[in-house]
Amino acid sequence: MSDQPRRPRSSGKPYRRPKKDPVRILAFEALRAVDERDAYANLVLPPLLRKAREREGPENFDARDAALATELVYGTLRRQGTYDAVLANCVDRPLGEVDPPVLDALSLGAHQLLGTRIPTHAAVSATVELARVVLGDGRAKFVNAVLRKVAQHDLDGWLERVAPPYDDDPEEHLAVVHSHPRWVVSALWDSLGGGRAGIEELLSADNERPEVTLVARPGRSTAGELLDEDAAVPGRWSPYAVRLTEGGEPGAVAAVRDGRAGVQDEGSQLVAIALAGAPLDGPDRRWLDGCAGPGGKAALLGALAAERGALLVASEKQTHRAGLVARALDGNPGPYQVIAADGTRPAWRPGSFDRVLVDVPCTGLGALRRRPEARWRRRPDDLEGFAPLQRGLLRTALESVRVGGVVGYATCSPHLAETRAVVADVLKQHPDTDLVDARPLLPGVPDLGEGPDVQLWPHLHGTDAMYLALIRRTG
């Protein structure tokens, strides 16, 4: 009998190393960062794409690869709720018991099967191959078995199976079909008002990829200069806005690299424009941005202030964000000052300013197109955490503006608890104020409601769901 160690019995198939797919590996890494570190995809993706180009070379990782990786990440995050409902019907255990990396791979495969035009065989095989690379053979077999079940129906077929009928439970139906948490559906519906058509249009718009919008900072660049870029078209409402319709790379635009222009949603531009255009009684020399980080609105406000010879003071509580504000304002054509200060404990005397903007911290439910992971990260309890800060910042803003001056209260959320409820509560304590009708200050913008405040919407205006109330201090 031989004393040589027995070799493992061959399965008859030669061993094959799993093939590495840089696009899907990158997408998986981004999803893991969002899951593990509460990272934001818009912050994680650019360095991952840059590293992939450097590692693979431009011939093996080109613009089409970058576009596919971006679609896989954002599409998977946007449709996570829908895909979870589908996967729950294809897995023999609660999804909470599936290892998070495995669930990320399954979600990535589900998106390729149900949300893209990738052929079924290619979607399954590519995801299984990814699983072999990042998870190992054993879990790759599990991924293969589950995705073959997912592939038995298209998206519409699955929605008929996993979403309750609208007539039985409207909010849960919309939550599953449009991939939003139920509480978010309810809150948006309350804010929007109306029937089924409007809320479906809004939820659908939240799941669309937003265009890249640039802002030309007055005195430093013009919309005409930005329109010379490829696939650039004018903004819809802001005279300073230019849209890159084919997902252009902002960093390739010279004016953006130089800081003379920036990336800024048109809704945010409109907030600054409306505050700058509000009629005043008396002088117009000192403006304040009380929540200036990371600096987009401050840069536009500073440029608009400079056109009138006014000084902008940009205040930001967090030191590192104050640094971002300083960078955004660097080169502003007029006087400005950046300070690190708590907006609820002002470093200035009461009544020091003619115009004050407070774009307050919030749940961010108005920017779900850009930050799709936020919808799954936020909880109803978060509203209670933001409420005291939002009210405190508005109170301080009203104390900081002089009699006859104007305060703009803005937030990137349409939730009534963060918009009208805050304004109403604070104004009860400040009877020496009047609401200014903001609608005439946004000429040409339709569907602004009954006023005097303004709520913008993705499905109506193509912007983030920015809210703005303008308040004049009368005594």
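Helices here are DSSP runs of H or I with at least four residues, numbered from the N terminus. Welcome to this predicted model; let us begin with one such helix and then visit some strands.

**Helix 2 and its two sides**

Just beyond helix 2, G57 adopts a positive phi of about 85 degrees. Helix 2 itself covers residues 41-56, and its 16 residues should span 22 Å at 1.5 Å a residue; the end C-alpha atoms lie 21 Å apart, so the two values agree.

Which residues of helix 2 are buried? They are A41, V44, L45, L48, L49 and A52. Because these residues cover an arc of only 125 degrees around the axis, they sit on the same side of helix 2. An α-helix has 3.6 residues a turn, so residues three or four places apart point the same way. What do the buried residues of helix 2 pack against? Their partners are helix 1 (22-37) and helix 3 (63-78). On the other side of helix 2, you will find L43, K51 and E54 exposed.

**Strand 5 and its partners**

Further along the chain, strand 5 (residues 286-289) pairs with strand 6 and also with strand 8. The table sets out both pairings.

| Partner of strand 5 | Sense | Bridges | Opposite residues |
|---|---|---|---|
| Strand 6 (residues 311-316) | parallel | four bridges | D289 and A314 |
| Strand 8 (residues 353-359) | parallel | three bridges | W287 and R355 |

Helix 15 (residues 296-307) joins this picture too: together with strand 5 and strand 6, helix 15 makes a right-handed β-α-β unit.

How values were computed
Residues are numbered from 1 along each chain as its sequence is written. This is a predicted model: local features need pLDDT of at least 70, side-chain atom pairs count only at pLDDT 80 or more; totals for chains, interfaces and linings use all residues. Side-chain values use heavy atoms; hydrogens and water are left out. Two strands pair if DSSP finds at least two bridges between them. Helices (H or I, at least four residues) and strands (E, at least two) are DSSP runs, numbered from the N terminus. A crossover is right-handed if, with the strands pointing away from the viewer, the path from the first strand over the helix to the second runs clockwise. The expected span of a helix is 1.5 Å times one less than its number of residues. Buried means under 20% relative accessible area, exposed over 50%, partly exposed in between (1.4 Å probe, protein chains only). The arc is that of the directions from the helix axis to the C-beta atoms. Contact means heavy atoms within 4.5 Å.
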